[in-house]
Amino acid sequence: MNSVEIPDGLEIADGGEQPLQIPNELPVLPLRDIVIYPFMIVPLFVSREKSIRAVDEALGENRMILLASQRDLDKEEPTGEDLYTIGTVAVIMRMLKLPDGRIRILVQGLARAAIESVEVGGEYLRARLHVIQEISVPERSLEVEALIRNVRASMEKAANLGKNISPEVMAIIANLDDAGRLADLSASNLELKVEDAQSVLDIADTTARLRRVNELLNKEIEVLTVQQEINTQARADIDRSQREFYLRQQLKAIQSELGEGNELAEEVAQLREKIEASRMPKPAEEESLRQLKKLERMHPDAAETATLRNWLEIMTDLPWSKASNDNLDLIKAQRILDEDHYGLEKVKERIIEALAVRKLKEKPKGSILCLVGPPGVGKTSLGRSIARALDRKFVRLSLGGVHDEAEIRGHRRTYVGAMPGRIIQSIQQAGTNNPLIMLDEVDKVGQDFRGDPSSALLEVLDPEQNNNFRDNYLGVTFDLSNVMFMTTANVLDTIQPALRDRMEVIRLAGYTEEEKREIARRHLLPKQIEENGISARDLRISKTALAAIIQQYTQEAGLRQLEREIGRICRKVARRIAEGHNGTVRVSLKNLHEFLGAPKVMPDEILKKDQIGVATGLAWTAVGGDVLFIEALKMKGKGNLVLTGQLGEVMRESAQAAYSYAKSRAKELEINEEDFSNYDLHIHIPEGAIPKDGPSAGITLATAMVSALAQRPIRKDVAMTGEITLRGNVLPIGGVKEKVLAARRARVSTIILPQQNRRDMDEVPKEPFKDIRFVFVDNVRQVFREALKDKVVPPATTTPRPTRLPQAASPRSV
């Protein structure tokens with residue numbers, strides 16, 4: 001048993017004057033968010049079953065209970081480890097049962113107690129404890145006296161700064177000389193965090209406890225001081241605003257008497273008329289009128305007035321119900337497309353089909369067209385022609401380098417300088433709700449910490465979702481289902497798969513020489529003549545000169561460089577005319593170099609004669625197809641395979657697969673098996689500054705290897721492309737049209753393609769290739785039969801490939 005002093009006013013059952021005896025074991029009442037000190041009287045609500053049983057047990061014994069705070073406030077069933085080791089023994093003075101099952105008790109702290117152990121197996125928590133006796137100085141020292149005065153002064157200052165401390169408590173503090181009780185009473189009225197309040201309860205030494213309370217009081221006073229400064233500033237701002245409002249009202253009355261100051265009212269009236277005339281959907285109209293009423297109540301010079309005015313102007317400028325009438329005359333649309341573009345029959349056919357569906361159904365949900373091809377093949381201009389054929393407004397929106405999702409969805413109006421997304425801006429620019437919007441360079445959309453614009457485009461380009469497109473700036477939905485979206489890209493690999501799935505891909509591979517010649521005659525030459533201020537009678541370019549420009553001054557799948565070269569000729573003619581030269585300037589093959597200088601490009605040509613170890617392959621690049629010469633050389637060594645020419649990982653694997661195939665079929669291919677261990681094989685692809693990669697050079701590598709190892713010449717007029725497997729099968733490849741166009745430029749007579757690529761020949765024009773033989777193969781043995789000649793002794797010397805001037809380095813996919 002432990003003896004403690006009886007608090008004032010506490011009734012004892014036997015009425016004696018002896019010290020109160022505290023048992024060594026008591027029921028435990030865990031506290032969630034409060035710490036109770038000795039001599040404090042506090043009401044508590046008890047709702048947990050174990051806690052209610054603990055109270056009942058205490059009332060049945062000696063009305064004493066141990067109050068201990070929880071470390072984790074959210075834990076519903078605390079154990080001994082979840083309680084602080086120092087608690088307060090209290091006596092239950094009163095108890096009241098509430099209708100909802102809870103009980104309300106009034107407790108008074110008796111003494112600090114240290115928990116030795118906690119029993120958790122029963123119906124309630126029961127702790128073994130011992131009372132902690134306070135350690136006090138027999139005689140009050142100067143430090144204690146100073147601390148008592150500081151605590152009293154700090155409590156009074158906290159009360160003056162707005163701390164909620166009752167006058168009765170302040171009166172008790174002013175007359176309380178006991179350092180320990182003063183510290184406990186002060187701490188109980190500071191509304192401390194559980195950790196800070198427990199730190200006071202843990203200290204038995206009265207001087208140290210008072211010092212700790214003084215520290216917490218100083219911190220609280222600092223917080224209260226800053227809080228009062230903030231309140232004072234806010235009150236001053238409110239007073240200033242009220243004063244400004246009063247002065248504005250006076251100014252408004254004076255202006256009204258003078259007949260001035262009605263600009264805002266007139267603007268509000270105009271905006272209301274625009275809202276009614278725009279015929280916007282009901283939710284958008286309600287939001288606009290609500291914001292208009294807000295604007296009407298604001299001062300013209302307020303910061304938010306300009307933001308709200310801009311939002312209302314954009315809302316009223318949007319073509320909510322204004323649409324252009326589509327041209328549904330299929331014959332006229334076909335004529336316009338033919339006028340603007342030569343060739344591209346597949347694309348034109350798809351556009352006419354979409355127009356036919358629109359003619360039969362008022363609002364069809366068509367797919368989004370994605371035009372994929374090299375630069376300069378007419379993707380963007382084709383979109384402009386489609387808009388002209390449909391009688392729709394055309395808006396081009398470049399997405400190259402866009403990283404911010406807000407560029408698509410718009411900025412929220414809370415930001416300074418907020419504006420709608422580029423989709424809504426494009427519709428506002430078009431002036432109709434059904435323009436043709438061309439999303440250029442969709443394959444070059446970026447992504448960073450500001451969001452993913454490609455994901456934002458998913459909603460824009462999905463016909464099932466874009467009828468309720470929500471722009472962050474507008475805050476209301478806009479119907480994009482009437483808009484015709486088209487996209488362009490150079491490659492598909494960098495487009496997000498989910499976005500690519502929403503689009504119908506139409507490939508524009510490039511133009512043949514005949515198509516380029518015809519396009520130059522019909523479109524490029526008249527355009528440059530007009531742009532350079534000369535007339536058609538001032539310049540004549542012969543067909544042979546035009547063909548030479550295409551072959552010797554350009555090397556591209558598109559037409560941009562060709563147009564630039566024609567523009568150079570037109571500028572020189574314009575200078576001659578400006579200098580007084582009269583008569584027509586005729587450009588022929590003989591005088592072409594006078595206008596354009598020396599040829600820039602030597603066209604790819606086949607080898608001069610059949611050679612051992614030199615095979616002609618076909619490659620795909622971002623600017624069209626190209627011819628690739630693969631050289632193989634056998635030399636004394638230890639059976640190593642050497643690869644040079646800046647080959648990528650995939651191409652190296654293709655070379656290794658081809659080498660393994662040749663090694664496994666040495667006898668069948670008439671190769672001496674000892675050569676694989678006595679000779680090294682060096683594979684080289686010229687133009688080493690240009691990276692090269694891809695699987696489609698497999699059969700070309702295999703042909704060059706077998707030719708070098710078996711000493712069999714390769715036919716000079718044969719070009720090939722295809723992927724090889726270890727079993728010798730030839731797999732299909734991509735970019736067939738670009739590659740066969742490159743082969744035709746090199747003037748080969750035989751092209752070897754995989755059998756499964758026969759279906760791709762539908763995209764290749766028939767007329768330019770009528771003098772070229774196509775061979776479709778399933779196995780590499782068929783390639784060897786077509787490309788390799790019989791063995792000759794001695795081996796043919798290697799003839800260098802035709803010299804080509806340096807070109808701009810661009811990666812090749814072979």
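Helices α3 and α4 are roughly antiparallel to each other, because angles over 145 degrees count as roughly antiparallel and their axes cross at roughly 160°. The model in which this pair is seen is a predicted one. Helix α3 covers residues 167–175 and helix α4 covers residues 179–188, and their axes come within 10 Å. The crossing of these two helices is left-handed. On the side of α3, the residues that make the contact are Val169, Ile172 and Ile173, and on the side of α4 they are Leu182, Leu185 and Ser186. Sorted by class, this contact of α3 with α4 holds five nonpolar residues, one polar residue and no charged residues.

The description just given follows a general scheme. Two packed helices are described by the angle between their axes and by the distance between those axes. The scheme can now be applied to two further pairs.

Further along the chain, helix α8 spans residues 282–297 and helix α9 spans residues 303–317. The axes of α8 and α9 come within 10 Å and cross at roughly 150°. That angle makes α8 roughly antiparallel to α9. The crossing in which α8 passes α9 is left-handed. Helix α8 brings Ala284, Glu287, Ser288, Gln291, Leu292, Lys294 and Leu295 to the contact, while α9 brings Glu304, Thr305, Leu308, Trp311, Leu312 and Met315. The classes represented in this contact of α8 with α9 are seven nonpolar, three polar and three charged residues.

The next pair joins helix α10, residues 330–340, to helix α12. The axes of α10 and α12 lie 9 Å apart, and the packing angle is about 150°. Helices α10 and α12 are therefore roughly antiparallel to each other. In which sense does α10 pass α12, left-handed or right-handed? The crossing of α10 past α12 is right-handed. The contact involves Ala333, Ile336, Leu337, Glu339 and Asp340 of α10, together with Ser385, Ile386, Arg388 and Ala389 of α12. By class, five nonpolar, one polar and three charged residues take part in the contact of α10 with α12.

From packed helices, the account turns to empty space. Rolling a probe the size of a water molecule over the atoms shows where such space is left. The largest pocket holds about 1,100 Å³ of space. Its lining consists of 40 residues, and those nearest the centre of the pocket are Arg507, Ala509, Gly735, Glu738 and Glu763. Three elements give two or more residues to this lining: α11 (345–360), β15 (503–507) and α24 (736–745). Which of the elements provides the largest share of the lining of the largest pocket? That element is α24, with four residues. The lining of the largest pocket is made up of 21 nonpolar, eight polar and 11 charged residues.

The second largest pocket contains about 800 Å³ of space. It is lined by 28 residues, of which His341, Gly378, Ser381, Lys527 and Glu563 are the closest to its centre. Helix α12, residues 379–390, is among the elements that give two or more residues to the lining of the second largest pocket, along with α17 (513–531) and α19 (560–578). Helix α12 thus appears twice in this account: it packs with α10, and it contributes to the lining of the second largest pocket. The residues that line the second largest pocket divide into eight nonpolar, nine polar and 11 charged.

Notes
Residues are numbered from 1 along each chain as its sequence is written. This is a predicted model: local features need pLDDT of at least 70, side-chain atom pairs count only at pLDDT 80 or more; totals for chains, interfaces and linings use all residues. Side-chain values use heavy atoms; hydrogens and water are left out. Axes are lines fitted to C-alpha atoms, for helices over the stretch in contact, and angles run from 0 to 180 degrees between N-to-C directions. Angles under 35 degrees count as roughly parallel, over 145 as roughly antiparallel, 65 to 115 as roughly perpendicular and the rest as oblique. A crossing is left-handed if the near helix is turned anticlockwise from the far one by less than a right angle, and right-handed if clockwise. Contact means heavy atoms within 4.5 Å. Ala, Val, Leu, Ile, Met, Phe, Trp, Tyr, Cys and Pro count as nonpolar, Asp, Glu, Lys and Arg as charged, and the others, Gly among them, as polar. On a 1 Å grid over the protein atoms alone, a cavity is a set of points where a 1.4 Å probe fits but cannot get out, and a pocket is an open set with protein on both sides within 12 Å along at least five of seven lines; lining residues have an atom within 4 Å of a point. Grid points are joined across faces, edges and corners, and a volume is the space filled by probe spheres set on the points.
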